[in-house]
Amino acid sequence: MKMLLEMILFVPSLLASVQPLQNQLTDQTNVPKKPPHIFFVLVDDLGWGDVGFNRAESSKYTLGPDTPTMDLLVKEGVQLERHYVHMMCTPSRAALQTGRLPVHIITELAEPCDANGAIPYDMTGITEHLVRAGYATHQVGKWDAGMATPRHTPRGRGYQTSLNYFGHGNWMWSEAEWGGSESGRADVPQPDFYDLWDTDRPAYALRGTGFEEKLFRERMLSILHAHDPSVPLFLNYDSRLVHYPLQAPPEFQHRYAAVADENRRLYYAMVSYLDDQLANITNTMRALGLWEATLMVLSSDNGGYVKAPMGACNTTHSASASPASDLGHGTTCFNGEAGANNYPLRGGKYSLWEGGIRVAAFVSGGFLPAAVRGTKLQGMVHIADWYGTLCALARVDARDARAAAAGLPPIDSVDVWPMLSGRNLTSPRRGFLVNADAIVLGEWKYVRGGTQMIGAAWGGPQYPNASTATDPVNSHTLRCPPQGCLFNVVRDKTERFEVSSDNEEVVATLARQLEEEAARIWQTSHAEDPRCRD
């Protein structure tokens, strides 16, 4: 205990990671001379218990979708046991693209037409650095990081091509913008606004031509087949799967016909589609001779959603269903946000619990040293750290001069490659401020006294089920005692035990650290630009 307190007190600022990163960037002895191809997969709303490699450690009775491809990639790679993100989409995506912790960029959802964007105009994106290092750069899938000006789009952030949508979610056959979760609605809403973009223009020719994730697969395959292997590649696949509304081709739904809960059945089908998608892309990379020089990273953007269904799903069958219509393809669910399982973690999307911010993640690919393949790392990684890590591998300075000139926060990213590659097992990431009410440092998570923590329950090996339709995880709350909540998330990652009363010195130290870091939170307005949708 004394050693831990000394370590905490020694750090003048938990988030002061720019100087250490700069030191790492000047030391190239740990960096391979030839930069890797990078295949970065950001999954949307993937539950901790919805991948086989996490279920294997919990219980033989834990049920979930089949994920043979991801399980194999983990066996060939490194499982990241403590990979952190924000508890909702936009901040995690902005953190990845900018190397900032969400508290230094955005901690809330932002609409596509946000005048200031999820990413401020003058912040430099990761891809801009990689282009300077000679990379070919491509983005496919969900963007959710701004579109108010051309600078806010993937093209404006350095991606040479993109096939993307800008909002939080799309209807996957019509490519219409998803307007948000419904309550008790029986009919599929009619399209209002179509959201599919091809680099620098609307993707009119592709809209309504097929299942959206199939379009994304075809674009990625086209990129891979056209790519010159001698040029380093950065392919950022921001999957639409498994966000609401829940939709999947009928043949994937049929795989799980025995699953009674409609939301859970669709969720299974979507995760299986994702697994097939990854098999297709990684097998193509192997066939083209790219895989041996590739570093693959996969992470969810937050934990899985654990709300109530709020109404029945819609089921329509048609032998001649139009690829431009969201009807006729079996079942689709859009009432509530239900279907995921974060077991054995507590909580889920939108919550401060580990089930909201600690996500399924791994690295794989032939670029990884053979000695680390098939291992599991306990060291802490934040999604913001990939910015500095990938810049280090590309041998390019990650510092953001443009942001500094504009008075914006510097990067928080640290280089985790020495840990990933096995040179050491200690993470340079000691902790991070989650938001104004919570901080993670070392093995501890501290939450401000009086905070009402939503999602204060556990899903169980079979979740959702009949009993949780009216008693979902998200409906449970816990109010922290006046001194605050304290959890040891290494020894007790399921957060069963609140231990503030037994660790008064740790509580006092972390409470003080929380106040100091919360004073440095960066904020700006997020009003919508009325000209954006004209």
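These exercises cover the sheet, two packed helices and the cysteines of a predicted model.

Local features here need pLDDT of at least 70, and side-chain atom pairs count only at pLDDT 80 or more, while totals for chains, interfaces and linings use all residues. Residues are numbered from 1 along each chain as its sequence is written, and side-chain values use heavy atoms, with hydrogens and water left out.

**Exercise 1. Trace the sheet and find its edges.**

Step 1. Set the terms. Strands (E, at least two residues) and helices (H or I, at least four) are DSSP runs, numbered from the N terminus. Two strands pair if DSSP finds at least two bridges between them.

Step 2. Read the order. The sheet is open, has ten strands and runs 6-5-4-3-7-1-8-11-2-12, with mixed pairing.

Step 3. Look at the ends. Strand 6 (201–202) and strand 12 (375–382) each have a single partner strand, so one side of each lacks a neighbour in the sheet.

Step 4. Check one pair. Strand 3 (residues 136–142) and strand 7 (residues 233–238) run parallel and are joined by six bridges. Gln-139 stands opposite Asn-236 in strand 7.

**Exercise 2. Place helix 5 and helix 9 against the strands.**

Step 1. Set the terms. Contact means heavy atoms within 4.5 Å. Axes are lines fitted to C-alpha atoms, for helices over the stretch in contact; angles between N-to-C directions run from 0 to 180 degrees.

Step 2. Take helix 9 (residues 262–287). Helix 9 lies across strand 1, strand 7 and strand 8 (294–300), at about 175 degrees to strand 1.

**Exercise 3. Identify the disulfides and give their handedness.**

Step 1. Apply the cut-off. A disulfide is a pair of cysteine sulfur atoms within 2.5 Å. The count is two disulfides.

Step 2. Take Cys-313 and Cys-333. Their S to S distance is 2.0 Å. The S-S torsion is about 100 degrees, so this disulfide is right-handed. Cys-313 lies in the loop between strand 8 and strand 9 (314–317), and Cys-333 in the loop between strand 10 (329–332) and helix 10 (354–357), so the pair ties together parts 20 residues apart in sequence.

Step 3. Take Cys-480 and Cys-485. Their sulfur atoms are 2.2 Å apart. The torsion is about -115 degrees, so this disulfide is left-handed.

Step 4. Check a cysteine outside these pairs. Cys-89 is in no disulfide; the nearest cysteine sulfur, that of Cys-113, is 17 Å away.

**Exercise 4. Decide whether these cysteines are buried or exposed.**

Step 1. Buried means under 20% relative accessible area, exposed over 50%, partly exposed in between (1.4 Å probe, protein chains only).

Step 2. Cys-313 and Cys-333 are buried. Cys-480 and Cys-485 are buried.

Step 3. Cys-89 has 2% relative accessibility, so Cys-89 counts as buried.
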